[in-house]
Amino acid sequence: MISPCTGLRCSGATRTVTTAAWHGGPSSSSSSSASASAALAASAAPSPSPSPPPPPRRDDELDPPVPFLRPLLSAVVAVSAGRLGSLPPALLVWLLRLLGQLGPAAPPPGPGWLGEAYAALAGWLPVASPGLAAQAFVAICGLAGKPVEGEPGSGSGSGSSAAAGQQGRLLLLPAPPRDLLTSLYGRIADGCRRGELEPRLALQCLEAAADAAAAELGGAVPSSAGGAAAVGAGAPGSAGAGAYGRRAAVLQPLMPRDTAEALLLRAAGLMAASGSSGMGGSGGGGAAAPVSPSAAAAAVAAASRGLVAAATLASPPGGPALGPLAAHLAEQGALAYAGGSHSGGSSRSDSMVAAAVAAGARPDLYLDGLAALCASAAPPLQPPAATELLRSLEALLPSLTPVQVCRAVAAASWLAAPSQPDAAAAFTGGPAAAALAAALPGMPAPQLTETLAALPPALRPAPAELAAAAAEGLRRCLATSDSDDLAEVLRRMQEADALPGYGWQGAVAAEASRRLQEQPPRAAGSGAAGAASAAATSSLLPPPLSAGYRCEFVATLYVLAALGYRPGTNWTGVAVAALAPAQLYALSAGQLTSVLWALARFGHRAEPGPWSTAAVQALQLQLPALAPHQLSYGLGSLQRLGCRLAGPVLDELLEAAAAMISGSSSSSVTAGGVALTEPAAMTVAGGGAGAAAAGGAGSYSAPDLVLLLMTVARLQHVPSYAFTEAVTERLRPHIAAAAAAAAATSARYPSAGGTGGSSSSSSSSGVGGSSSGGLTGPAAAPQPQPQPVAARGAPVVVAMAGPGGELLVVEPLTCQELASVGYALAKLHSRPESDWLSQYMEACQAVMGGFEADHLASLLWAVGELGQTPSPGWLSSFLAAARPRLPAFAPPDLVSVLSSLAALRAPPPAAWLGEALTAVGARVGGLDGAGVAALLKALVDLDARVSNPEWYDALCSQVSGFLPLLRPAELASLVSSLAALGHTPGKEWLQRASAAALRAHAISAAAASAAAAAAARQQQQQQQQQEQQQQEGGSAAAFQSQQATAGAASPGFASSFLPTGLSGLGGAASFGSGGGGGGPAGVVLSPGQLEALVLGLAKLGAEVPAPLLQSYMAAGAASLPQQPPDRVAAAASALAGARLTPTAEWLDALVGAVRRDVMSYTLVQLDALSRAVAVFVELVPEHGPTRDLLSFLREFCLYN
């Protein structure tokens, strides 16, 4: 069950709290525990007053001893050794508590002394009072988490003595005996049930147990309850002077649930029933309820502190047992903050809230207690108590920050809505929503983001009033915020379903246009300058942007583009005109990328001229200041705008990026000899201005590198080897970390199936996909997918050994990033070193279970293109991961998988293949003609057949409309595959195929002629240039070497059937691009493809067009003498099997090829030739050499 108040799963998960230390202790630097941060971390929200009151003093705190008392106490410890049993119990407990409260520089008591003290406590415990037993438990907890100075083995900082070094080596204090703790728990619980234990001591026990739990877990959660200092090993790299560690003597057994329930009830001023382990009753079991507001405030503070502490325990109270305490807290909260039921007036409420705060019942502490109730699955309140809760929360609204208002709504939804739905809805949609709506418009962007993120489910989707206020707050933020902050606001608005509509967008666009036109003109001078200024003023174009409006206009462009607004061409033209070339140079790096991205989203196309040139140059000039993801977005936006990115310009930008990548550390900083991941380097999507800036312009994180690779692949620019080597080497530890994270996850959770920490977030789609909300842009943190809505999720880090043996903390690549890396490298024709590829393959296999369907298709295609031969284990992992996702594959992606398996010569099991083909057949409408051709060819290559003719008929029906649009190579593959699979389509389909073949032949012939003419012209130009160089005294050898180098600079890329999952940033993913065709993009038919087209049509029973047959015969007659025996026999058998009449030239070529090399043929090949020649004699009886060849072959076979 999930608590809507906190978002925590209501279970017995351990939670941690921490409270403020006494002044002599270490500074309070706390870190959130993963299991309680959602429930209690909101207590750290700022108070509306500029100077919030300090936390209340802990009842168990002792005044810090003055320095000269520390050696005295150490002497007392030394002298009392062996005599502790004779000390009065109260004195021994006081001494233990004082030792636990000593500052970190004081030496802890030795193990022998503590053992003697614990034995003395166990001896007098049966006759001790519950109060003394509680004080003893508090003392033991204080010793369990006693702070000490310095790290183990590191000394105490500069100038540390040998004694201090000895202290650092004392890791643990001896744990108290189990029997002692068990007796203490029982004695304390009995004292609570009998009413013998003071509420103050009960609260001390709860908070001491919470502090001990925090010490054991090595973490803490900030709470307004106040208490112990930060625990664990201290701040990263804190060894040295002023550093503090924490002794973690684990207390076993842990405090039982019934003891915690009894303490919690007693701390709140209630009394449990004698002999009961629960907290049954109506909430007033013993003590009379306070009647004065001050007494109610004290009760609220005590109950809230107890709830916060109890929620931290390993076995916290929960469920129905918390019902009476929840009612008690609600009733006392109403009395403390709102007064009696007839009290009224806002001034009266404000004064009562101030009085309650003075008494220790701060609003944030009250909300902490309510949040702890929700996290502990407290039952809903009964109607009277629910009414009191709503009354107290309504009285608090003027004193709460917007985030605290959201917490109050969450608590009301959990505790009051089930029994009082109308009243809770009225509170949520009335005063609470009104308070938020009044505060949202005046908030800066960071606070607006925080408030929108804190909206509880009861306010999602946001009411109209709240959505309008958020939109107004967004509009006001345009003048003061950058795109990073605005991206966060938009993301949170999308989560709350509060994005402004098209009307708001149109109004903002109209306001921007008006302000552009109404900018104050520059003062006109005299003479020619004045005339020019007057002419510019009277022009229809807007004046240049003023410096005061520039930032707001850039933010407006970004927000409109992120919301998917599509302005008219006139509006876009005015915006581009206002951003004159001089204005582009004046923009900052973030503003420039935001402008370029927004104009590209608007569909603007920049004509060649000053503006497009200035855009490219401005990006070049901003290169040192560009954040990594801004470079990627800037390049991609320039391409979409149509700006010419020359090869030298791209090379310059990528060389600079490679230098930054090689020179920067692996997104980590080193402290104290340990490399620790820099928080800014592990940004999530849309990490805000701080996230982008903190990493520095040259700090490339793993998502930055992946995004840059994908951008370069989309630009279809083959980078230098130095660039790809720099990127791949920087990605190496992140790839290894992905495998390590998956291995660790599989070891801890065997059912995880290798998804580990590298599986992509469910909210994140494929790299080339589109998000649900359509919010994209350069303000999003560096992600392979430009979507600020697709969060990367909580950062996962892996500790690894570096090249020099140092410890590195590395962020592993996610599954979509692994697929993107392989896809981009394949598109860039880059093959890293074999050890890098082996590591990449191992990482992919380790996290195979976390890949989405489209990523699996892209991964397998990339593996083939990178020249890798997957091992059987790797293929088994791939097929196992893909099988449950087969229905989720897009049809083109599934065809890509089958084509890649065929190219890798790795046929899948029959059951797997059957499920895949069934999935394709169910959605055959998602394939185009090239997709159908690729699917049939994959079946032929996999030697697979489908027994259901209706499956083939569905494919033929789907491809029928695409036949005239197929490229010649694709048409040849289609008809030859159908013939090989043994399926004959209908007569009408065959007629359309013949017509398409005739058209394909004409296209191929024209393309071949054009290519030959172009080659001839190029050769002629080269000869002329060579002659000219020779005449000028140039070196012909140098010229030829230069031409050879230039010709080899851009190798052709013959890709197979491409998947669509990563095509959005990887370039045009046209099916079968290259396709192994005989010419550009498979347009010119090779001899083999021409043969496949002719013979395929013949085998299908279609009429082969005469021009096509003549071309085939002419090409065959020229190539037969050079063919090996097996190809000659196969060509003759295929032609005879189709009973196509060969030409005389073709027959002459066949006779000559066989007679010249008859001894190279096998008897099987000669037998096949004899049968084929017999058919040719029947078809062309007048051709004498064919008859002679038949006689020769029969005689030759007879005697051999």
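The numbered points below are notes on a predicted model, moving from the whole chain to single helices, side chains and backbone details.

1. Overall make-up. The protein contains 49 helices and 6 strands. Of its 1200 residues, 53% count as buried, and the accessible surface amounts to about 47600 Å², with 57% of that area belonging to carbon and sulfur atoms. When contacts between residues at least 6 apart in sequence are considered, 78% of them join residues at least 24 apart.

2. The pairing of α15 and α16. Helix α15, covering residues 402–415, packs with helix α16, covering residues 421–439, at an angle of about 170 degrees, and the two axes lie 10 Å apart. Because an angle over 145 degrees counts as roughly antiparallel, α15 is described as roughly antiparallel to α16. On the α15 side the contact is made by Pro-402, Val-405, Cys-406, Ala-408, Val-409 and Ala-412, while α16 contributes Ala-424, Phe-427, Thr-428, Ala-432, Leu-436 and Ala-439. Sorted by character, the residues of this contact comprise 11 nonpolar, 1 polar and no charged.

3. A salt bridge between α13 and α15. The structure holds 22 salt bridges, and one of them deserves a separate remark. The side chains of Asp-368 and Arg-407 meet in a salt bridge with an N to O distance of 3.2 Å. Asp-368 belongs to helix α13 and Arg-407 to helix α15, so this pair ties together parts of the protein that are 39 residues apart in sequence. Both partners deserve a look for their surroundings: Asp-368 is buried, at a relative accessible area of 0%, and Arg-407 also counts as buried, at 10% relative accessibility. In general terms, side chains of opposite charge can pair when their charged atoms come close.

4. A salt bridge within α18. Arg-475 and Glu-472 also meet through their side chains in a salt bridge, here with an N to O distance of 2.6 Å. The two residues are 3 residues apart in helix α18, and therefore about one helical turn separates them. As for accessibility, Arg-475 counts as partly exposed at 38%, and Glu-472 is likewise partly exposed, with a relative accessible area of 23%.

5. A salt bridge within α20, and a network. In helix α20, which spans residues 502–517, Glu-511 and Arg-514 lie 3 residues apart, about one turn of the helix. Their side chains form a salt bridge at 2.4 Å, N to O. Glu-511 is partly exposed, with a relative accessible area of 35%, and Arg-514 is partly exposed as well, at 36%. Elsewhere, Asp-190, Arg-193 and Asp-258 are joined into one network by salt bridges that share partners.

6. A buried glutamate in α44. Glu-1091 is part of helix α44, which runs over residues 1087–1100. At 13% relative accessibility this residue counts as buried, since the cut-off for that class is under 20% relative accessible area. Once its neighbours within four places in sequence are set aside, Glu-1091 is in contact with Gly-1096, Tyr-1112, Arg-1127 and Ala-1131.

7. Backbone details to inspect. Most residues other than glycine have a negative phi, and most peptide bonds are trans. Against that background, three places can be pointed out.

   - The peptide bond from Arg-460 to Pro-461 is cis, its omega being near 0 degrees. Pro-461 sits in the loop that connects α17 (445–453) with α18 (464–477), and α18 is also the helix that holds Arg-475 and Glu-472.

   - Ala-377 is not a glycine, yet has a positive phi of about 60 degrees. Ala-377 occurs in the loop between α13 (363–375) and α14 (383–396), and is buried, with a relative accessible area of 17%.

   - Arg-905, again not a glycine, has a positive phi of about 55 degrees. Its position is the loop between α36 (891–903) and α37 (910–922), and at 74% relative accessibility Arg-905 counts as exposed.

Conventions
Residues are numbered from 1 along each chain as its sequence is written. This is a predicted model: local features need pLDDT of at least 70, side-chain atom pairs count only at pLDDT 80 or more; totals for chains, interfaces and linings use all residues. Side-chain values use heavy atoms; hydrogens and water are left out. Helices (H or I, at least four residues) and strands (E, at least two) are DSSP runs, numbered from the N terminus. Buried means under 20% relative accessible area, exposed over 50%, partly exposed in between (1.4 Å probe, protein chains only). Axes are lines fitted to C-alpha atoms, for helices over the stretch in contact, and angles run from 0 to 180 degrees between N-to-C directions. Angles under 35 degrees count as roughly parallel, over 145 as roughly antiparallel, 65 to 115 as roughly perpendicular and the rest as oblique. Contact means heavy atoms within 4.5 Å. Ala, Val, Leu, Ile, Met, Phe, Trp, Tyr, Cys and Pro count as nonpolar, Asp, Glu, Lys and Arg as charged, and the others, Gly among them, as polar. Accessible areas come from the Shrake-Rupley method with a 1.4 Å probe; for residues, only the protein chains shown count as cover. A salt bridge is a side-chain nitrogen of Lys or Arg within 4 Å of a carboxyl oxygen of Asp or Glu.
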